[in-house]
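Dear colleague,

I am passing on the structure we spoke about, and below it you will find some notes on what turned up when I went through it. Please read them with the model open beside you.

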Amino acid sequence: MKAFMRWSAAFALVAFASAGAVAQEIKISHQWKANADGRDLATRLFVKEVNAKDPNLKFRIYPAQSLGIKPVAQLDALQNGTLEMAVFPMSYAVGKAQEFSIIIMPGTVPTLDHAMKLRGTAFQKKLQDLAHANGIHIVSWWWTPGAFATKDREITGPKSVDGLKMRAADPTFESMLKAAGASVVSMPSTEIYPSLQSGVINGTLTSAETFVSMRLYEQTKFATTPSKFSLWMLLQPLVMSKQHWDKLTPAQQKIFEEAAAKSDAYFLGLQREAVDKMEDAYKKAGAKVHEMTQAEYDQWVALAKDTAWKEFAGKSPTAKELIDALLAVK
């Protein structure tokens, strides 16, 4: 009888703990506009897909920095477990681990189709290992093609950025721009509009979607779009605090992975549309739109090999392994 009572008490304790875990709200933070930007829309699809299989998991999405956490500071919150999930441009993590620059290395991921080829490769595994070592788990595989835009000149090959003050979002990208004669200013995408407006910068690189959702076409009059070649391609996935990921059951982790796969396909479609929408937005604003040519792209890649690629590979053995694994995917 005493053994049965001890067993009952233990079972009740486990049940109570499980109920508490289920009741916990999973907060998802990001910096973009709700129900408009693709990163928000894909997040909502992910939540919907998870809840279709496990309605006990409770989510709350905080768009447009509404949780009060700055974009770069989300990493600290994820690492210490005060934030469960975020849509996080991985280049924002280079302050903690310089190897994260691999996810925006210029000229290495020229198209969205190529980005999708990277899933399931040694590169993805090595990147996930890097993420785990830094307290986060990469859940989705959301890549965003990016573009150039400036206030007063068309961007073609490397010589065309000489003398510009630019934002590029990553140190390796910045080293390439500096070699081409530009000066660079580091900032999250939320600061691009006012920086263009005030003259802190007169040109920028960012995702096609951000040019539209943050109305950057109001402050720039020349755009070089990634319709054929994307020199700037950034992984901006849904990530989860590693300690919270580890608290999920294997069944829940599987549900997350299945929901992420559906969100990946959805996000891919949105990004194809985002390039067209960027071009349309600039044309409607009366701006000049340029499509980068093969020759211009090749000039940029040649410069990237001598600057960004070489510098990155020399940072650490992990960096060398990452870039080798990335370039091995054809």
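The second largest cavity is lined by Gly146, Ala147, Phe148, Leu205, Thr224, Thr225, Pro226, Phe229, Ser230, Leu231, Trp232 and Met292, and its volume is about 50 Å³. Please keep in mind throughout that this is a predicted model. Two elements, β5 (143-150) and β9 (222-225), each supply at least two residues of that lining, and β5 gives the most, with three residues. Sorted by class, the lining of this second largest cavity has eight nonpolar and four polar residues, with no charged ones.

The structure holds two cavities of 30 Å³ or more, and the largest cavity contains about 60 Å³ of space. Its lining is made of 14 residues, and those that lie nearest its centre are Arg167, Ser189, Thr206, Leu234 and Gln236. The lining of the largest cavity divides into six nonpolar, six polar and two charged residues.

Turning to the helices, α11 (residues 294-313) bends by about 50 degrees at alanine 304. Alanine 304 is itself one of the buried residues of α11, a list that also has Glu296, Tyr297, Trp300, Val301, Leu303, Thr307, Ala308, Trp309 and Phe312. As background for reading such a list, an α-helix has 3.6 residues a turn, so residues three or four places apart point the same way. The elements that cover the buried residues of α11 include β5, α6 (171-179), β12 (288-291) and α12 (317-327), and β5 is also the strand that gives the most to the lining of the second largest cavity.

Which residues touch the most other members of the largest nonpolar core? They are Ile102, Leu127, Trp143, Phe148, Val161 and Trp300, out of the 66 residues in that core. Helix α11 gives the most to this core, with eight residues. There is also a second, separate core of 40 residues, which includes Phe59, Val87, Trp142 and Ala147. If residues up to four places away in sequence are not counted, isoleucine 102 touches Phe123, Leu127, Phe312, Leu322, Ile323 and Leu326. Phe148, named above for the largest core, and Ala147, named for the second core, both appear in the lining of the second largest cavity.

The backbone deserves a careful look in the loop between β2 (58-62) and α3 (74-80), where alanine 64 is found. Most residues other than glycine have a negative phi. Alanine 64, however, has a positive phi, near 50 degrees, and glutamine 65, which is found in that loop between β2 and α3, has a positive phi of about 60 degrees although it is not a glycine. Is alanine 64 buried or partly exposed? Alanine 64 counts as partly exposed because its relative accessibility is 47%, and glutamine 65 is partly exposed as well, with a relative accessible area of 23%.

The last residue I would point you to is histidine 244, which is found in helix α9 (residues 242-247). Histidine 244 has a relative accessibility of 7% and therefore counts as buried. Leaving aside residues up to four places away in sequence, histidine 244 touches Gln24, Gly81, Leu83 and Glu84. Serine 207 is 37 residues from histidine 244 along the chain, and the C-alpha atoms of the two are separated by 29 Å.

With best wishes

Terms used:
Residues numbered from 1 in each chain as written. Predicted model: local features only at pLDDT ≥ 70, side-chain atom pairs only at ≥ 80, totals over all residues. Heavy atoms only, no water. 1 Å grid on protein atoms, 1.4 Å probe; cavity = no way out; pocket = protein on both sides within 12 Å on 5 of 7 lines; lining within 4 Å. Points joined across faces, edges and corners; volume = space filled by probe spheres on them. Nonpolar A, V, L, I, M, F, W, Y, C, P; charged D, E, K, R; others polar. Helix = DSSP H or I, 4+ residues; strand = E, 2+ residues; numbered from the N terminus. Bend = angle between axes of the 7 residues up to and from the residue. Buried < 20%, exposed > 50% of the residue type's maximum accessible area, 1.4 Å probe, protein only. Contact = heavy atoms within 4.5 Å. Core = buried A, V, L, I, M, F, W, Y, C linked by side-chain atoms within 4.5 Å.
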